[in-house]
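Subject: Structure handover

Hello,

I am passing on the structure we talked about. Please have it open while you read the notes under it.

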Amino acid sequence: MLKIYRVLGKKGRITIPFEIRQQIGFRYNDVLSFTQQDDGSVVVRKEKICDNCKDSEEEFEENFTLEDFLDSLSEEEQRNALLHLSLLWAEKQKH
């Protein structure tokens, strides 16, 4: 089992080590989910955002909108997405 340590930045950011991204197949713009387990550990998963997606190298269907994507999420996932985007927007307003 590969174990690599990283320090969490002051804005809560961390870089997933290259070796792990390569082994698992994480790529730029992948959607990742974080699930806290009962023992305090966190599981990170690469999420599939559409059933008709081909290879991630290919472009999305031209008519696939952000609204389509959001509609495909559960109510809880929509709430989390809104919170995340609101925090990003607020952070950009500070600069």
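The notes below go from the whole chain to its strands and then to single residues.

Please keep in mind that this is a predicted model.

The whole chain

The chain has three helices and two strands. In sequence order, these elements follow the pattern α-β-β-α-α. Of the 95 residues in the chain, 7% are buried. The chain exposes about 9,300 Å², and 51% of that area comes from carbon and sulfur atoms. As for contacts between residues at least 6 apart in sequence, 8% join residues at least 24 apart.

The two strands

Strand β1 covers residues 31-36 and strand β2 covers residues 42-47. The two run antiparallel and are joined by six bridges. Two pairings can be picked out by name. V31 has E47 as its bridge partner in β2, and F34 is partnered there by V44.

Between the strands of this hairpin lie five residues. G40 has a positive phi, near 95 degrees, in the hairpin.

The patch on the surface

Which residues make the nonpolar surface patch? They are F34, V42 and V44, and the patch measures about 280 Å². F34 and V44 have already come up as bridge partners. In a regular strand, side chains alternate between the two faces of the sheet.

V44 belongs to strand β2. Is V44 buried or exposed? Neither word fits: its relative accessible area is 34%, so V44 counts as partly exposed, because that class lies between the cut-offs of 20% and 50%.

A residue in the helix before the strands

Helix α1 spans residues 18-24, and R21 is found in it. The relative accessible area of R21 is 30%, so this residue is partly exposed as well. What does R21 touch, leaving out residues up to four places away in sequence? The answer is T15, I16 and F26.

To find these features in the model, you could start at R21 in helix α1, go on to the bridge between F34 and V44, and finish at the patch made by F34, V42 and V44.

Regards

How values were computed. Residues are numbered from 1 along each chain as its sequence is written. This is a predicted model: local features need pLDDT of at least 70, side-chain atom pairs count only at pLDDT 80 or more; totals for chains, interfaces and linings use all residues. Side-chain values use heavy atoms; hydrogens and water are left out. Two strands pair if DSSP finds at least two bridges between them. Helices (H or I, at least four residues) and strands (E, at least two) are DSSP runs, numbered from the N terminus. Buried means under 20% relative accessible area, exposed over 50%, partly exposed in between (1.4 Å probe, protein chains only). Contact means heavy atoms within 4.5 Å. Accessible areas come from the Shrake-Rupley method with a 1.4 Å probe; for residues, only the protein chains shown count as cover. Patches are made of residues with over 30% relative accessible area and no salt bridge: like charges are joined within 9 Å, nonpolar side chains (Val, Leu, Ile, Met, Phe, Trp, Tyr) within 5 Å. A salt bridge is a side-chain nitrogen of Lys or Arg within 4 Å of a carboxyl oxygen of Asp or Glu.
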